[in-house]
Amino acid sequence: MKRKWTPFFLLLPFLGIIGVILVSVGNVLVQSLGYIPAFGLTRLTLDYYRQIFAREDFVSALQVSLRLALWSASLACVLGVIIATALVRLKKAGGGVLSVIRLPILTPHAVVAVFMVQLLGQTGLLARVCYSLGWIQDFSQFPQLLYTAGQEGTILAYLWKEAPFVAYFVLAFLSGISDTLGQAAENLGASPLRAFFLVTLPLSLPVIGKAFLILFIFAFGGYELPLLLGSTLPKALPVQAYLSYMEPNLRARPAAMAMNGVILALSLGMALAYWAAMHALAKKVGGIR
Amino acid sequence: MKGNFLFKFLLALVLLLILVPAGQILLWSVAERWPWPGLLPESYSLRTVKELLFGSAKLPGLLGSSITLALTVGVLGTVVGLLTARATQLYDFPGKELVSFGAFLPLLVPGTVFAMGIQITLIRLGLSDTVAGVVLVHLIAAIPYCITILTDVTRAVGSSLEQQAMVLGASPLRAFLHGSLPSLMPGILSSVSMGFILSYSQYFTTLMAGGGRVKTLALVLVPYIQSGDRALASIYCVAFVGSALLVFFLFEGILHTVSERSRGK
Amino acid sequence: MKLEIENLKVSYDADVVLPGLSLTVQEGEFLSLLGPSGCGKSTLLKAIAGILPPSGGCIRLGGVDITWQSVHKRGTVVVFQDVRLFPHMTVLDNVAFPLKMQGVDKKSRRLAAAAYLDRVQMGGFSHRLPGELSGGQQQRVALARALAAKPRLLLLDEPFSALDENLREDMRTLVTQLHREYAMTTILVTHDREEALSMSGRVAMMFGGRIHQVDTPQRVYHQPATRQTADYFGDCIYLPGRVEAGVFRSGSLALEVPVSDGDFDLLLRPDQLEIGTGPCSFRVEGCSFRGRDTLVTFRDEQGNLWKKPFPGTPAWAPGQTLPGFIRVSCPVLFPRLSQEKD
């Protein structure tokens, strides 16, 4: 009798935590549908969603965030995999080099923002190096990377922190595949490049896909970096949502929650796409030992 | 072998890109004047250091409370992670797969959305603007990582040592403490340090749940960055990264000693 | 192709695994590398294949120096212990993989791959995924894949140790057949004595990173060059004695040996023991029924223990004394241990 219920008791704290998340999600959904009794709103409606899609600032914020998420997640994954491959190839999968690569993971976004300003700003280190090399004569000649509508600075900032994360995340798996199956492929006549693309990479896709998913949602819903490095207009969606949330006019609250709802919907949509892709992949591969 | 040169170059570039900014903020934090286009500051000053140590931000107290909060999250996250990992790895029950999905859930809900959504509940529970509320919210963010780390370790260690101990007469609790716990230590330390880092770096969730009343170093950092006083912002960054690294390396050190000792056993 | 290894040195991290090894394998030969785990035989194999870089010495294949050649150009194909079939490709595509690397067009390589699969009796499995096959089946496909690579040198790294006893026998037969058919130079790494002795043209005994003897299976067993080699095949009894003027004497035993004077031990094995008639007496210590035979332990007059199998169940009891003699046709002498170098 005791044995049967033990796992349930062990899981109680976990279930509590899940409960909290679900409550939060529930709140977002309910409020976005217009149900906030404290403010006297009791009718469930999709109006707020319709409203925000008609707003210029929301639509451009959505585009900005999508752009940001897609670019930073993709580039971080590509770079991260290349770094991990370099580590495996050069047999540096442990020790000093790895510790340095872990540093960005320990760095909070705000600090990363400072790094980027000091590195990429028009009066930043890169610009000063270009000046010393004689490539530019004045700082205005250095391209504007920060605070742009294209969010280049923010993307680079995410890259700085997330490429090492991907490298660290996929390293164990990638090296396992590379040292066994990748090696076998080379042994059978495949050049290291072909072995990587025909064997190691396809088999590592599930792990890389998971990293992509995590990074996409992270970048899509991220606040600090777009706030500190993004353009004043258009803003990223979470920044926009927060602004609406903090508006003194409480009637703007449902609209703010509708924005959060959209963020949630897209995150969940991405997750579903990932699971579907993994399912299809698993069928094709039939399991790796 | 030729391709290796390209990889070496790439890694060197990556290392450079990581270490140079770190060096930069060190310089910026003690720079008095560093106009364009100099590659090094023109003059140095300890103004920011004085401001940091004696200024309005009350660093020692702030540092202490931030680290304590983050450690609490780390420890709590590890406890929850351990219990959950035990349930999924050592027992069989219907719906086990849902647990792994559930563990992933916090990663699917961005921090901003979660924080804005939970605020009304925190207010109702009287937890808003409190340290407890902030700890709870940080815990949510840390859980997926703690569970992942501890699930792997729990699975690897298994229950064989505990079973052995119980067969020799130990109570279940003692069997766990003397049997499995030593082998789980590396994973536990890893999980605590991960939870610590995550909580220590949180900004938005601290802002929302703490309402600006609960002050952490990460929270205080952002207004300094927005202030435009580059030197001051830099020194606070240095304080943050320095303290984070110190605690992190402390954990690594303990981890190392523990692993060495268990290997000697 | 002929393989020549000269003074090969390989280190792994800080350990020197191979301090300097030399070996020649003739074209078309089947050589086994036999030795206990940790002796460096897998390391040697990996160095030959280019997976581990050497720190000194030279490897030549077909007369060409391949010491520093990259893995994928060497033509030294390995069949690994952990099989390593590509899980995301069908069995057919796995076997066709090396052909794809050789630039063969899709249609031809699929036909060729199918032929190789038939050769290892896996023809019906072309469209399965490796995960659906049993261990033995996977190993067959791995063999087919290795053949498809048209290796200049085939290296087998303990490929059967993960398989069941019965399967192992079948696989050994298959490999021996394939070797005969395709006549490629083959090196088998194993710790299984029976495997090495039954399959090889020559056996190379390896201990502690060094090769002690390379000889035919018969000579390695009956005329081991070192004690370690002798001990590896087990059941050794060393009879101490002295050689003077070309005669080895020990107790009542006297043998003519072409060896200079000194203290020596004579190697004796249980299969040299004949029970029934003879000048010596042997006391039965115990009998263990093993199914197809019974292992009987004897103690001789000098106190040595002899364990010899007898078919069926001999009607002897512990304590019984039986007459017998020891047949010595080709005496093997080792210098007494205190004198032996290395």
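Select chain C to begin: among its contacts with a separation of 6 or more, 63% are between residues 24 or more positions apart. The model on display is a predicted one. Chain C holds 342 residues, of which 36% count as buried. Its secondary structure consists of eight helices and 19 strands. With the C-alpha trace shown alone, chain C spans about 75 × 45 × 35 Å along its principal axes.

**First stop: an enclosed strand of chain C**

Select residues 262-268 of chain C, which form strand E14. Is this strand enclosed or not? Five of the seven residues of E14(C) are buried, so the strand is largely enclosed by the rest of the structure.

Next, add residues 237-244 of chain C, strand E11. E11(C) and E14(C) run antiparallel and are joined by seven bridges. To see one of these pairs, show Val243(C), whose bridge partner in E14(C) is Gly262(C).

Then add strand E19, residues 333-335 of chain C. This strand is also antiparallel to E14(C), with three bridges between them. Here Leu333(C) in E19(C) stands opposite Leu266(C).

As background, strands of a sheet pair through backbone hydrogen bonds, either parallel or antiparallel.

**Second stop: an open sheet of chain C**

Clear the selection and colour four strands of chain C in the order E17-E16-E15-E18, which is their order in an open sheet with antiparallel pairing. Which strands stand at the edges? They are E17 (305-311) and E18 (321-326) of chain C; each has a single partner strand, so one side of each is left without a neighbour in the sheet. From one strand to the next, the twist averages 50°.

Now restrict the view to E17(C) and strand E16, residues 293-299 of chain C. Seven bridges link this antiparallel pair. Label Thr294(C) and Phe310(C): Phe310 lies in E17(C), and Thr294(C) stands opposite.

**Third stop: two helix pairs of chain B**

Move to chain B and select helix H3 (residues 59-90) together with helix H6 (residues 131-157). Their axes are 6 Å apart, and the helices pack at an angle of about 45°. Why is H3(B) described as oblique to H6(B)? Angles under 35 degrees count as roughly parallel and those from 65 to 115 as roughly perpendicular, so the angle found here makes H3(B) oblique to H6(B). The crossing of H3(B) past H6(B) is right-handed. Their contact contains 16 nonpolar, 10 polar and two charged residues.

For the second pair, select helix H7 (residues 160-167) and helix H8 (residues 172-200) of chain B. These helices pack at an angle of about 140°, and their axes lie 8 Å apart. H7(B) also passes H8(B) in a right-handed crossing. Show the side chains where the two meet: H7(B) contributes residues including Leu161(B), Ala165(B) and Met166(B), while H8(B) contributes others, among them Pro172(B), Phe176(B) and Ser183(B). The residues of this contact divide into six nonpolar, five polar and two charged.

**Last stop: where chain A touches chain B**

Finally, display chains A and B together. How many residues does each chain bring to the contact? Chain A provides 60 residues and chain B provides 61. On the side of chain A, select helix H1 (residues 2-32), which gives the most, with 15 residues. Colouring this side of chain A by class shows 46 nonpolar, 11 polar and three charged residues.

Technical notes: Residues are numbered from 1 along each chain as its sequence is written. Chains are lettered from A and ligands numbered from 1 in the order in which they are written. This is a predicted model: local features need pLDDT of at least 70, side-chain atom pairs count only at pLDDT 80 or more; totals for chains, interfaces and linings use all residues. Axes are lines fitted to C-alpha atoms, for helices over the stretch in contact, and angles run from 0 to 180 degrees between N-to-C directions. A crossing is left-handed if the near helix is turned anticlockwise from the far one by less than a right angle, and right-handed if clockwise. Two residues are in contact if their C-beta atoms, placed from the backbone, lie within 7 Å. Ala, Val, Leu, Ile, Met, Phe, Trp, Tyr, Cys and Pro count as nonpolar, Asp, Glu, Lys and Arg as charged, and the others, Gly among them, as polar. A residue is buried if 20 or more other C-beta atoms lie within 10 Å of its own, exposed if 12 or fewer, and partly exposed in between; C-beta atoms are placed from the backbone. Two strands pair if DSSP finds at least two bridges between them. Angles under 35 degrees count as roughly parallel, over 145 as roughly antiparallel, 65 to 115 as roughly perpendicular and the rest as oblique.
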